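Student: Hi, could you walk me through this one? I'd like to go over it piece by piece.

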Amino acid sequence: MVDLIFYAAATLSVLAALGVVLARNPVHSVLWLLASFVGIATTYLLSGFQFLAAIQVLVYGGAIMVLFLFVVMLLNLGDPDAEHDAPVMQGGLTPRLGIGIGCIVAALTLLTVANANLAQLPEGVVLPIGGLDPLKQMALAMFTQWTLAFEGASVLLLATAVGVLVLAKRERASVAVSPPQTLTAAKEEAA
Amino acid sequence: MSVPTEHLLILSAILFSIGVAGFFIRRNLIVVLMCIELMLNAANLAFVAGSRHNAFLAGQDQTDLEGPIMVTFVIVVAAVEAAVGLALVIALYRRKQSVDLRELTELEDGSHA
């Protein structure tokens, strides 16, 4: 029964991933990606990683996908008839190249997995009660063994917040400083 | 769950390949970013598969924390990457009124405007 749920979730995530690549409307792509993440979260849950499943849904499904959806709607890309909506490229070398590279990667990784010679899992192993990532032990490891990486992650997040502010607010700042110059520059750009 | 580790790895490989193919096929910058997220998730799935394999080999009531912790950091980096990538998309859209990858050719022949 649990295995069936796993295979159903795996099928969902693969089909949804195909939907991300093939959907013409970027909004549909975002929603397919969300479905794919939910499927992946289910496989985490069934593998005994409850905490990972939770942050997969919260951070990926909640935060990152909302960010994507927000940008898609901010740039008004949801209209499938819009010029800048980009479906799969028609004809040409690039799509064939992309599919070819995808097939090569798939073949190589599947070949590696097939030859991996993994040790057989013992039958009837019961998951630990707290799952494979009990939150308390994970927190302990995070703040002892992995403190440096944790602090690095916080510095990275801070740098990102500053960098994103600079990237996204640059034009408005220059308008505030010198409006005539920017207007002329914009006109020159448009011309 | 008695699914063999190979099947988790195969799922990871398939998702990664779809991500790679989409990365090359699509020309909408936002969808390309989504394909990168898909690839990161496939890598996470491989981490989870390996961690689960280790824990089950070690026996009852054993946990393997390296995998989940690594996945946590990958999720942090994925969030950062999405934020920076989307900010870049917005900045590019301001300049070019488009998110089409084929129009981003400033670096192609040195004729920077």
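Tutor: Happy to, and one term comes up straight away: buried means under 20% relative accessible area, exposed means over 50%, and partly exposed is in between (1.4 Å probe, protein chains only). This is a predicted model, where local features need pLDDT of at least 70, side-chain atom pairs count only at pLDDT 80 or more, and totals for chains, interfaces and linings use all residues. Residues are numbered from 1 along each chain as its sequence is written, chains are lettered from A and ligands numbered from 1 in the order in which they are written, and side-chain values use heavy atoms, with hydrogens and water left out.

Student: Good. Is A:Val30 buried or exposed?

Tutor: A:Val30 counts as buried, because its relative accessibility is 2%.

Student: Which residues does A:Val30 touch?

Tutor: Not counting residues up to four places away in sequence, A:Val30 touches A:Met65, A:Phe68, A:Leu69 and A:Val72, along with B:Met34. Contact here means heavy atoms within 4.5 Å. A:Leu69 is 39 residues from A:Val30 in sequence, with 6.5 Å between their C-alpha atoms.

Student: And where does A:Val30 sit?

Tutor: In helix 2 of chain A, which covers residues 26-46. Helices (H or I, at least four residues) and strands (E, at least two) are DSSP runs, numbered from the N terminus.

Student: Let's stay on that helix. What about A:Ser36, buried or exposed?

Tutor: A:Ser36 is also found in helix 2, and A:Ser36 counts as buried because its relative accessibility is 0%. Setting aside residues up to four places away in sequence, A:Ser36 touches A:Ser13, A:Ala16 and A:Ala17 in chain A, plus B:Leu15 and B:Leu38 in chain B. As for A:Val21, its C-alpha is 12 Å from that of A:Ser36, at a sequence separation of 15 residues.

Student: Why does A:His28 count as partly exposed?

Tutor: A:His28 counts as partly exposed because its relative accessibility is 43%. A:His28 lies in helix 2 as well. Its C-alpha is 39 Å from that of A:Pro128, and the two are 100 residues apart along the chain.

Student: Changing topic: how many helices and strands does chain A have?

Tutor: Seven helices and zero strands, so the elements read α-α-α-α-α-α-α from the N terminus on, with the helix and strand runs taken from DSSP.

Student: Which of those elements has the lowest mean pLDDT?

Tutor: Helix 7 (residues 179-190) of chain A has the lowest mean pLDDT, 56, and helix 2 the highest, 93. Over residues 83-87 of chain A the pLDDT is below 50, and this stretch has 20 contacts in the model beyond near neighbours in sequence. For reference, pLDDT is the predictor's confidence in each residue, from 0 to 100.

Student: And what are the chain averages?

Tutor: The mean pLDDT of chain A is 80, with 77% of its residues at 70 or more. Chain B averages 85, and 91% of its residues score at least 70. For the complex, the predictor gives an ipTM of 0.88 and a pTM of 0.83.

Student: Back to contacts: what does A:Thr160 meet in chain B?

Tutor: Leaving aside neighbours within four places in sequence, A:Thr160 is in contact with B:Val80, B:Ala83 and B:Val84. A:Thr160 lies in helix 6 (residues 147-177) of chain A and is buried because its relative accessible area is 8%.

Student: Nice. So what does chain B look like overall?

Tutor: Chain B has three helices and zero strands. Its C-alpha trace spans about 65 × 25 × 20 Å along its principal axes. The radius of gyration is 19 Å, whereas a compact globule of 113 residues would have one near 13 Å. That radius is taken over C-alpha atoms, and the globule rule is 2.2 Å times the number of residues to the power 0.38.

Student: How much of each chain is buried?

Tutor: Of the 113 residues of chain B, 56% count as buried. For chain A, 34% of the 191 residues do.

Student: Last one: what share of chain A's longer-range contacts joins residues at least 24 apart?

Tutor: Among contacts in chain A between residues at least 6 apart in sequence, 61% join residues at least 24 apart.
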